[in-house]
Amino acid sequence: MGKTYEENKIVVGRGEDTNFSYRSWSIIGPENDGRWRIGLVTSNDNEIDLYSTSQATLNTWHHIIMVYDGSNVILYINGQKEGEQEASGTINNPNEELYFGAITPNKNQYQFNGSIDNIAL
């Protein structure tokens with residue numbers, strides 16, 4: 001059987017818990033429906049989840065960008081804008097640990113099953 005999409009797999013993120021009070025931001029996916037998701041938590045406890053409009057192609061590299069400019073969260077997939085949502089406040093918990101491929105080392109259910117390359121902050 002080939003690879004399938006799985007829910008809540010963390011590509012990269014800051015913060016170590018599924019409780020949004022301890023998270024800052026994350027790039028997640030592809031989800032069960034094949035879409036990428038970004039999450040952002042701001043200082044006023046707003047949690048923003050934004051989903052791509054297109055489905056990921058498994059076994060293919062994807063370029064995923066999350067932008068927060070203080071008033072909007074924007075998701076780009078392979079150079080195309082796929083979502084935008086208004087947001088305000090500073091990014092929550094900016095001093096939390098930065099994780100690649102997992103939300104924490106101890107929560108295997110969130111570990112990304114794939115390759116990650118060229119992360120830039």
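# Core, sheets and salt bridges in a predicted all-strand model

This is a predicted model. Of the 17 residues in the largest nonpolar core, those touching the most other members are Ile 27, Trp 36, Ile 38, Ile 64, Val 73 and Leu 75.

Student: Which strands each supply at least two residues of this core?

Tutor: Start from the core itself, which has 17 residues. Its suppliers of at least two residues each include β3 (35-41), β5 (64-68) and β6 (72-77). The full set is β1, β2, β3, β4, β5 and β6.

Student: With which residues is Ile 64 in contact, leaving aside neighbours within four places in sequence?

Tutor: Ile 64 is among the core residues that touch the most other members. So are Ile 27, Trp 36 and Leu 75. Those three also appear in the contact list of Ile 64, together with two more residues. The list reads Ile 27, Trp 36, Leu 75, Tyr 76 and Ile 77.

Student: How many helices and how many strands does the protein chain have?

Tutor: Read the elements from the N terminus on: β-β-β-β-β-β-β-β. No helix enters that run. The count is zero helices and eight strands.

Student: In what order do the five strands of the open sheet stand?

Tutor: The pairing in this sheet is antiparallel. Its edge strands are β4 (47-55) and β8 (98-100), each pairing on one side only. Neighbouring strands are turned by 10° against each other on average, direction ignored. From edge to edge, the order is β4-β3-β2-β1-β8.

Student: Which residue in β2 is the bridge partner of Gly 15?

Tutor: Strand β1 covers residues 10-15, and strand β2 covers residues 23-28. The two pair in the antiparallel sense over five bridges. Gly 15 is bridged to a residue of β2. That partner is Arg 23.

Student: Why is one side of β5 and of β7 left without a neighbour in the sheet?

Tutor: These strands belong to an open sheet of three, ordered β5-β6-β7 and paired antiparallel. The twist averages 15° from one strand to the next. β5 and β7 (80-86) stand at the edges, so each has a single partner strand.

Student: Which residue in β7 is the bridge partner of Asn 72?

Tutor: β6 and β7 run antiparallel. Six bridges join them. The one at Asn 72 leads to Glu 86.

Student: Which residues are linked in a network of salt bridges?

Tutor: The whole structure holds four salt bridges. In one, Glu 31 pairs with Arg 37, with the closest N and O atoms 2.8 Å apart. In another, Arg 37 pairs with Asp 49 at 3.3 Å between the closest N and O atoms. The network is Glu 31, Arg 37 and Asp 49.

Student: Is Arg 37 buried or exposed, and what is its relative accessible area?

Tutor: Arg 37 lies in strand β3, and its partner Asp 49 lies in strand β4, twelve residues apart. Asp 49 has 31% relative accessibility, so it counts as partly exposed. Buried means under 20%, so Arg 37 falls in that class. Arg 37 is buried, at 8%.

Student: What is the N to O distance in the salt bridge of Glu 84 and Lys 81?

Tutor: Glu 84 counts as partly exposed, at 39% relative accessibility. Lys 81 also counts as partly exposed, at 49%. Their side chains meet in a salt bridge, with an N to O distance of 2.7 Å.

Student: Is Arg 14 buried or exposed, and what is its relative accessible area?

Tutor: Arg 14 has its place in strand β1. Residues it touches, not counting those up to four places away in sequence, include Arg 23, Trp 25, Pro 94, Leu 98 and Leu 121. The cut-off for buried is under 20%, so Arg 14 meets it. Arg 14 is buried, with a value of 19%.

Student: How many Å apart are Asn 118 and His 63 in space, C-alpha to C-alpha?

Tutor: Asn 118 lies in the segment after β8. Asn 118 is exposed, with a relative accessible area of 69%. In sequence, Asn 118 and His 63 are 55 residues apart. In space, C-alpha to C-alpha, the separation is 9.4 Å.

Student: What share of the residues of the protein chain counts as buried?

Tutor: The accessible surface of the chain comes to about 7,000 Å², and 44% of it belongs to carbon and sulfur atoms. The chain has 121 residues. The buried share is 38%.

Technical notes
Residues are numbered from 1 along each chain as its sequence is written. This is a predicted model: local features need pLDDT of at least 70, side-chain atom pairs count only at pLDDT 80 or more; totals for chains, interfaces and linings use all residues. Side-chain values use heavy atoms; hydrogens and water are left out. Two strands pair if DSSP finds at least two bridges between them. Helices (H or I, at least four residues) and strands (E, at least two) are DSSP runs, numbered from the N terminus. Axes are lines fitted to C-alpha atoms, for helices over the stretch in contact, and angles run from 0 to 180 degrees between N-to-C directions. Buried means under 20% relative accessible area, exposed over 50%, partly exposed in between (1.4 Å probe, protein chains only). Accessible areas come from the Shrake-Rupley method with a 1.4 Å probe; for residues, only the protein chains shown count as cover. A nonpolar core is a set of buried Ala, Val, Leu, Ile, Met, Phe, Trp, Tyr and Cys residues joined through side-chain atoms within 4.5 Å. Contact means heavy atoms within 4.5 Å.
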